[in-house]
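Welcome! Let us walk through some salt bridges, a pocket and a sheet together.

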Amino acid sequence: MKVNNMAYVFNESIELMPREEKKILQGKRLRAVVERCYNNVPTYREKMIEAGITPEDINTIDDIVKLPFTTKKDLRANYPFGMFAAPKEEIVRVHASSGTTGKLTVVGYTQHDLDDWSEACARGFASCGVTKNSIIHIAYGYGLFTGGLGAHYGGEYMGATVVPASSGNTARQIMLMKDFKADTLCCTPSYAVYLVDELHKAGLTAEDLSLKQGFFGAEPWTEEMRVKIEEGLGLKAYDIYGLSEITGPGVATECEYQAGPHVQDDLFYPEIIDPVTLEPVPEGEEGELVFTTLSKEGMPLIRYRTRDLCSLIYEPCKCGRTSLRLARITGRSDDMLIIRGVNVFPSQIESVLIKDKRISPYYHITIDRINNLDIMQIDVELERTVAFDEIKEIEALQKKVSADIASAIGVSAKVNLVSCGTIKRSEGKAVYVTDNRKI
Ligand code: DLL
C-alpha cells in the first residue's frame, strides 16, 4: 500500500493486525513466493525436487519448515543474476554486499520491491516520530551498499526532506547537520560515537544541532553505545537492522519504546534455528536468524541463513504493533567481521594475499577500535625465499598489498610484513582474527 505524502507512514491494517490473522496472510504470501521460486529459479526448483516437495505442499506459514535453506553459497554459485526470479526488464536496481571470496553477493529489485523496501523503512522511521516535516541526514554510504539508498528512499517515501550526505568528511557532515537543522540522523553506531567526539573537538555540543532521533545499524552495537550517542548528540537512538540479501536497512526497526527492532513480518518472515542441527529452537531462545521474503519479486529468498545470532521477542510491545521483535544481535555463526560498517570475510583478504607470490598464506588480522574508529592491521609473512635489501622495498610492498586489500574489500588496512615463521601456527582450527573491540 503506497501512502505517499502523508505526515507519517503507519500501515495500520498490517502493523496492528492480530497475529493469527497475520499468520494467514504470511501463509498465502509464502505459497506465492514458493511458486515464483519454483517456476523461475532453477536452483530452487532443484532444491525442492531434492527435498521431495512442490509448491502445493505449502499451505500455511507453519509449512515453512518443509522448505530447504538458502545460503550465501547458493548466491555465489548463481553469481551474478542466477537467483533472480523476475525477467531482466523488470529489474530496476541492483545492490551488492561482500561475498566470502572475491565475488560480491548480488541482489536485484523490481519497482514493487523498492516500494515495499521504502515502506518498510518508512514504517520504522514513522514509529519513532519522523514526519514529512523532518530533515533526514543520511551518513550511510551510498552505492552498492544498501544503507544510503535504502534509508534515502524510505525518507522520501514518507515525504521527508532527505540529505544524501553519504559517508566521510566529518567536518562537512557536522556543518550540514547544523546549518540544515536536520532532526534525524542515519549512520552506523560507531560513526555516531565518532561524531560525538568530533563535535566536541569542533567546539560544539548537541545544543548546536537540532537532532531528535537517529537510526543506527549495519553493525552490532550495545546499550552503552546507545547512552553515549543519545547524550552526545542529544537524540533518541534507535536500532535498525537489515541485510542486502533480504532487502537492506529496515527489515526491522525499533519503535519509540526502544524495545528491540520490530520485524516487518508481513514482508520478511523470521525464524530462529539451531545453526548446528538446523532445527527451529523453542520460542524466545537464541539461535541463527533465518529470513524468508514474503513479497519480493526480483530476488525472493526462502529460509535465508543470515548467520546472525539472536532471539525473537514474542511479548506484545507497548506501541501496540503486533510484529515480532529482534533481541540484540549477539554474534555470528560464521567468521564475517563488520569493520566500519563494511562486511569483511577473512577469506576475501586471503584471496588478495595469495595473489602476490612474494608473500606467504600465513596471516593474522587484528582489529582495534581507536578513537571510535575501527582499525585493521594485517600481519602477513614474507615467503622464505624473498629477501629485501632495503627497507624502502618492504614499505613499497606493504603499500601495494594494502592498496590491493582496500580495492578488494572497500576498507583500508595497515599491512605489516613479517619474516617467515613469525605468525603462530595453529594446532587445531586456525585463528585468523583477534578482535579487540568490546562490542
Ligand atoms: O548492513 C543493511 C543495513 C544498512 C542495516 C544500514 C541497517 C542500517 P549488509 O551490508 O548486507 O546490510 O550487512 C548485513 O550487517 O547480517 C548483520 O550481521 C549486520 N547488521 C545489520 N544491521 C545490524 C544491527 C546492511 N542493527 C549484516 N545490529 C547483517 C547488528 C547488524 N548487526
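A residue counts as buried when its relative accessible area is under 20%, and as exposed when that area is over 50%, with partly exposed in between. Please keep in mind that this is a predicted model.

With a relative accessible area of 10%, Arg437 is therefore buried. Its salt-bridge partner is Asp435, which at 36% relative accessibility counts as partly exposed.

In total, the structure holds 28 salt bridges. Three of them are set out here:

| Pair | Closest N to O distance |
|---|---|
| Arg226 and Glu254 | 2.7 Å |
| Arg425 and Glu381 | 2.8 Å |
| Asp435 and Arg437 | 2.9 Å |

Arg425 lies in the loop between strand 20 and strand 21, while Glu381 belongs to strand 19, 44 residues apart. Glu381 is buried, because its relative accessibility is 0%, whereas Arg425 is partly exposed at 36%.

Both Arg226 and Glu254 are buried. These two also belong to one network of salt bridges with shared partners, which takes in Glu223, Asp239 and Arg328 as well.

Now to the second largest pocket, which has about 510 Å³ of space. Tyr269, Pro270, Glu283, Tyr314 and Leu324 are the closest to its centre among the 25 lining residues. Helix 2 and strand 10 each give two or more residues to this lining, and helix 2 gives the most, with five. The lining has twelve nonpolar, nine charged and four polar residues.

Strand 10 is also part of an open sheet of four strands, ordered 10-11-12-15 with antiparallel pairing. Strand 10 and strand 15 are its edges. Two bridges join strand 12 to strand 15, and Leu309 has Gly331 in strand 15 as its bridge partner.

Methods. Residues are numbered from 1 along each chain as its sequence is written. This is a predicted model: local features need pLDDT of at least 70, side-chain atom pairs count only at pLDDT 80 or more; totals for chains, interfaces and linings use all residues. Side-chain values use heavy atoms; hydrogens and water are left out. On a 1 Å grid over the protein atoms alone, a cavity is a set of points where a 1.4 Å probe fits but cannot get out, and a pocket is an open set with protein on both sides within 12 Å along at least five of seven lines; lining residues have an atom within 4 Å of a point. Grid points are joined across faces, edges and corners, and a volume is the space filled by probe spheres set on the points. Ala, Val, Leu, Ile, Met, Phe, Trp, Tyr, Cys and Pro count as nonpolar, Asp, Glu, Lys and Arg as charged, and the others, Gly among them, as polar. Two strands pair if DSSP finds at least two bridges between them. A salt bridge is a side-chain nitrogen of Lys or Arg within 4 Å of a carboxyl oxygen of Asp or Glu. Buried means under 20% relative accessible area, exposed over 50%, partly exposed in between (1.4 Å probe, protein chains only).
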